Amino acid sequence: QTLQATVDALRDADGRDDDVLHFFADYAETIEQMSRVIKPGQPIAIVLGNRTVSRVPIPMNVITIEIAEHFQLDLEHSLPRSIPSKTLPYENAPENTAGQTGGLIADEYVLVFEGTSNTDPALADKFSQE
């Protein structure tokens, strides 16, 4: 739902919706594979930051939660964290126009999910032995 709203906003802004859709198709596939191999009750932690594309905010934390819940991962914790010091600047000028800046990632989220009975036990055992 949130991804669709974001894609619609990008389509209205400049048409970079295809780039975002391709990214999230791969991202969802990764989360699906994680949901298949994690044992029920075991945690998965994902650390991510929200960003913007064409000045449209991409709420990665909300979209990640929605995708993970679709694949039957249970959200246990969503912990926001400010990044007090970092190497990259806090803002840039994406269009290279003087005086027009946009924020970069200054906060991150630690999302902790738990595996459920959706897990494929054979895969979980295989990966835990490797």
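Read along the sequence, the protein follows the pattern α-α-β-β-β-α-β-β-β-β-α. This amounts to four helices and seven strands, in a model that is predicted. Of the 130 residues, 32% count as buried. Among contacts between residues at least 6 apart in sequence, 73% join residues at least 24 apart.

**Exercise 1. Determine how helices α1 and α2 are oriented to each other, and describe their contact.**

Step 1. Helix α1 spans residues 2-13 and helix α2 spans residues 17-37; their axes come within 8 Å and cross at roughly 155°.

Step 2. Angles over 145 degrees count as roughly antiparallel. The two helices, α1 and α2, are therefore roughly antiparallel to each other.

Step 3. On the α1 side the contact is made by Leu 3, Val 7, Leu 10 and Arg 11, and on the α2 side by Asp 17, Val 20, Leu 21 and Phe 24.

Step 4. Sorted by class, the contact of α1 with α2 has six nonpolar, no polar and two charged residues.

**Exercise 2. Establish whether Asp 17 is buried or exposed, and identify the residues that Asp 17 touches.**

Step 1. Asp 17 lies in helix α2.

Step 2. The relative accessible area of Asp 17 is 7%. Buried means under 20%, so Asp 17 is buried.

Step 3. Leaving aside residues up to four places away in sequence, Asp 17 touches Val 7, Leu 10 and Arg 11.

**Exercise 3. Locate the buried residues of α2 around its axis, and state what they pack against.**

Step 1. The helix α2 has 21 residues and reaches 31 Å from its first C-alpha to its last, close to the 30 Å expected at 1.5 Å a residue.

Step 2. Its buried residues are Asp 17, Val 20, Phe 24, Tyr 27, Ala 28, Ile 31 and Ser 35.

Step 3. Seen down the axis of α2, the buried residues fall within an arc of 110°, so they line one face of the helix. In general, an α-helix has 3.6 residues a turn, so residues three or four places apart point the same way.

Step 4. The face turned away from the buried side of α2 carries the exposed residues His 22 and Asp 26.

Step 5. The buried residues of α2 pack against α1, β1 (43-48), β2 (51-53), β3 (56-58) and α3 (60-70).

**Exercise 4. Repeat the analysis for α1, and classify its packing against α3.**

Step 1. Helix α1 has twelve residues and reaches 16 Å from its first C-alpha to its last, close to the 16 Å expected at 1.5 Å a residue.

Step 2. Thr 2, Leu 3, Thr 6, Val 7 and Leu 10 are buried in α1. Viewed down the axis of α1, these residues fall within an arc of 130°, so they line one face of the helix.

Step 3. The elements covering the buried residues of α1 include α2, β2, β3 and α3.

Step 4. The axes of α1 and α3 are 9 Å apart and pack at an angle of about 135°. That makes α1 oblique to α3.

Step 5. In this packing, Thr 2, Leu 3 and Thr 6 of α1 meet Val 62, Ile 63 and Glu 66 of α3. By class, the contact of α1 with α3 has three nonpolar, two polar and one charged residues.

**Exercise 5. Describe the backbone and surroundings of Gln 72.**

Step 1. Most residues other than glycine have a negative phi.

Step 2. Gln 72 has a positive phi of about 60° although it is not a glycine.

Step 3. Gln 72 is found in the loop between α3 and β4 (74-82), and is partly exposed, with a relative accessible area of 41%.

Technical notes. Residues numbered from 1 in each chain as written. Predicted model: local features only at pLDDT ≥ 70, side-chain atom pairs only at ≥ 80, totals over all residues. Heavy atoms only, no water. Axes fitted to C-alpha atoms, helices over the stretch in contact; angles between N-to-C directions. Parallel < 35°, antiparallel > 145°, perpendicular 65-115°, else oblique. Contact = heavy atoms within 4.5 Å. Nonpolar A, V, L, I, M, F, W, Y, C, P; charged D, E, K, R; others polar. Expected span 1.5 Å × (residues − 1). Buried < 20%, exposed > 50% of the residue type's maximum accessible area, 1.4 Å probe, protein only. Arc of directions from axis to C-beta.
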